[in-house]
Amino acid sequence: MRSRRLSMHQRFYLVEVLVGLGVTAAHFFANLARHTARYVFGRRDVHGAVTIQYPEERRPYSPRLRSLHRLVRREDGSPRCVACMMCETVCPAHCIYIVAAEHPNPDVEKYPARFDIDLGKCVFCGYCVEACPEDAIRMDTGILEFSSYSRAGMIYTKEILLALEPAGPDGVPRSPVPIPADRHP
Amino acid sequence: MSAVLTELGIAFGRVAFVMFFVLNMGGLLTWVERKQSAIMQDRIGANRASIFGLRLWGLFHPLADAIKMLTKEDFLPARADRVLFTLAPFVSVFFALAAFATIPFGDVLRIGDREIPLQAVTLNVGVLYVFAMLSLGVYGVMMAGWASANNYALLGGQRAAALMISAEVAIGASIMGVIMVYGSLNMQEIVRGQGWLLLGWIPAWGIVLQPVAFVLFLTAGIAATKRIPFDLPEGESEIIGYFVEYSGMKFGMFMMADFVETVVIAGMATALFLGGWQVPYLVADGIHFPWGTVIPLSHLAVVLLQVGAFVLKVSVMCWFLMLIRWTLPRFRYDQAMRLGWLGLFPLSILNLVATGLVLVALRG
Ligand code: SF4
Ligand code: SF4
């Protein structure tokens, strides 16, 4: 990379320093005036900052956002998953663990007796969603805040995954953050 | 007996005011730093610490900091020199605090027939004293680096010491011009000297008579406080400074020392270049405007105005130092050293020579 030649007054530095100080000071005073208008004169529409105060204010997520997984149910409430192991096979992180069992209905061959996802390993690639022939697994809950103090707490079971609901069209989660049984706060 | 007690009380009061002022300014600067940087960068800044839901724009954050630092693990490296390791932060803070003692925050307060100089310590060589205290701060840095038994800390300490010395030499050389112009080493005399009017209406502040020295002093002063753009001794996470091994309140004291030094530099800049406690056109019995209007004021009002002016000027200087700190990128080590020895120092000497020539020409 060739460095750009600096002009004389740029190399003298002091002038450029003053210009820079002018820029930041202008920001300071403009934002200070906006904050004053907002907090002293109650002008709620004036914003002195572009940041979002996270836990209280949230930005709307895109509906296409990949977030915490959920398992989809049939009309009768049973999981749509047929335990075909496609997702387990395709998962690059090897974080899906399925135990297949015989389904009482002869039309349905198998169902998952266990379906665990270790979210501590998941890379949120969405391959499991793409691979599923039954549209049984989705990543549309809109839930991004799941953390745990233990590795065990990051393992989400079939029951938890089935209990989650899709996010609304605004991207706001409908379900609360699920708390796995063995999560120690 | 009671005369001795009164003397002691007055002396204590003078010191207490300065300590109160400097420590509170230093503590408040931690809040100012967060909020000012946030406002400059279109953010909101620290606002989470609350007492009973009361947030007060993050004003409780310095308190939360103190609680956090006091309760954190006080780590001591296994092979460290226990005594020096513990002593180093105290040395840093102590000399930073002590430096403020001769900076006058007002003229004299007359109560009855007693005259109280508004200055923690009245010294004829006040300027030299501030230098001495500021330079002794280098020892804290060196001790911290050496006692940590960590080669990175040792290198950091050397780097810090080299930078601070180059800065302090430049501070000394740049202030010489002011001393020559006002003809005194006594801070109080220098501030009084700035009360004259040039051409009948321009206050003869240091910044008017010695503008080059002001810029040089400010640059060197920022370097002496070891803050951006000269924070290469510290650079907590990326270039590993002299206090890597420090944790908890000892770390906090190094930070505190930096903030207090910022206040000291602001105070010195105020006293030497911005007229100290002088308010333009305010003299002992009121305000005399150059066009002839006179507003008479009582002695107490004059003193309060002067102290207020001093506090205001120091605050504005602190704000300006913060503005610089959040605007400029960090210097590389060699750049900082070159600036100190090949830029600031020779320029101060040139300024000195020019000042001398002008003075000789004026005084004959
Ligand atoms: S998103 Fe990717 S990593 Fe996560 S479970 Fe699905 S396939 Fe595995
Ligand atoms: S790919 Fe779909 S149907 Fe197959 S095991 Fe996974 S979730 Fe179940």
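**Exercise 1. Determine whether Ser174(B) is buried or exposed, and describe its surroundings.**

Solution.
Step 1. Ser174(B) has a relative accessible area of 0% and is therefore buried. This value, like the others below, comes from a predicted model.
Step 2. In the secondary structure, Ser174(B) belongs to helix α5 of chain B, which covers residues 151-182.
Step 3. A polar atom of the Ser174(B) side chain lies 2.9 Å from the backbone oxygen of Ile171(B).
Step 4. When neighbours within four places in sequence are left aside, the contacts of Ser174(B) are Ala213(B), Leu216(B), Phe217(B), Ser348(B) and Asn351(B).

**Exercise 2. Locate Ser166(B) and identify the backbone oxygen that its side chain reaches.**

Solution.
Step 1. Ser166(B) is placed in helix α5 of chain B.
Step 2. Its relative accessible area is 2%. Because buried means under 20%, Ser166(B) falls in the buried class.
Step 3. The side chain of Ser166(B) reaches the backbone oxygen of Leu163(B) at 2.8 Å.
Step 4. Apart from neighbours within four places in sequence, Ser166(B) is in contact with Met337(B), Gly340(B) and Trp341(B).

**Exercise 3. Classify the exposure of Trp341(B) and list its contacts beyond four places in sequence.**

Solution.
Step 1. Trp341(B) is found in helix α11 of chain B, residues 333-363.
Step 2. With a relative accessibility of 35%, Trp341(B) is classed as partly exposed.
Step 3. Its contacts, neighbours within four places in sequence being left aside, are Ile165(B), Ser166(B), Val169(B) and Pro346(B). The contact with Ser166(B) also appears in the list for that serine.
Step 4. Trp277(B) offers a comparison of sequence and space: Trp341(B) and Trp277(B) are 64 residues apart in sequence, and their C-alpha atoms are 33 Å apart.

**Exercise 4. For Trp57(B) and Tyr281(B), state the phi angle, the loop and the exposure class.**

Solution.
Step 1. Trp57(B) is not a glycine, yet its phi is positive, at about 55°. Tyr281(B), likewise not a glycine, has a positive phi of about 70°.
Step 2. Trp57(B) occupies the loop between α1 (2-40) and α2 (61-71) of chain B. Tyr281(B) occupies the loop between α9 (248-273) and β5 (282-283) of chain B.
Step 3. Trp57(B) has 52% relative accessibility and counts as exposed, whereas Tyr281(B), with a relative accessible area of 18%, is buried.

**Exercise 5. Describe the setting of Ile295(B) and of Val32(B), giving a C-alpha separation for each.**

Solution.
Step 1. Ile295(B) lies in strand β7 of chain B, residues 294-296, and Val32(B) lies in helix α1 of chain B.
Step 2. The relative accessible area of Ile295(B) is 37%, so this residue is partly exposed.
Step 3. Residues up to four places away in sequence not being counted, Ile295(B) touches Asp285(B), Gly286(B), Ile287(B) and Phe289(B). Under the same exclusion, Val32(B) touches Ser37(B) and Met322(B).
Step 4. Ile295(B) and Gly13(B) are 282 residues apart along the chain, with their C-alpha atoms separated by 31 Å. For Val32(B) and Ala16(B), 16 residues apart in sequence, the C-alpha separation is 23 Å.

**Exercise 6. Characterise the residue shells around ligand 1 and ligand 2 by class, and state where ligand 2 sits.**

Solution.
Step 1. Ligand 1 has 14 residues around it, and those that come nearest are Cys91(A), Cys122(A), Cys125(A), Gly126(A) and Cys128(A).
Step 2. The shell of ligand 1 comprises 12 nonpolar residues, 2 polar residues and no charged residues.
Step 3. Around ligand 2 are Cys81(A), Val82(A), Ala83(A), Cys84(A), Met85(A), Met86(A), Cys87(A), Ile98(A), Phe115(A), Cys132(A), Pro133(A) and Ile137(A).
Step 4. Sorted by class, the shell of ligand 2 contains 12 nonpolar residues, with no polar and no charged ones.
Step 5. The site of ligand 2 is the largest cavity.

Key. Residues numbered from 1 in each chain as written. Chains lettered and ligands numbered in written order. Predicted model: local features only at pLDDT ≥ 70, side-chain atom pairs only at ≥ 80, totals over all residues. Heavy atoms only, no water. Near = heavy atom within 4 Å. Nonpolar A, V, L, I, M, F, W, Y, C, P; charged D, E, K, R; others polar. 1 Å grid on protein atoms, 1.4 Å probe; cavity = no way out; pocket = protein on both sides within 12 Å on 5 of 7 lines; lining within 4 Å. Sits in = over half its atoms within 2 Å of the grid points. Helix = DSSP H or I, 4+ residues; strand = E, 2+ residues; numbered from the N terminus. Buried < 20%, exposed > 50% of the residue type's maximum accessible area, 1.4 Å probe, protein only. Polar contact = N/O pair within 3.5 Å; in protein donor to acceptor, adjacent residues only side chain to side chain. Contact = heavy atoms within 4.5 Å.
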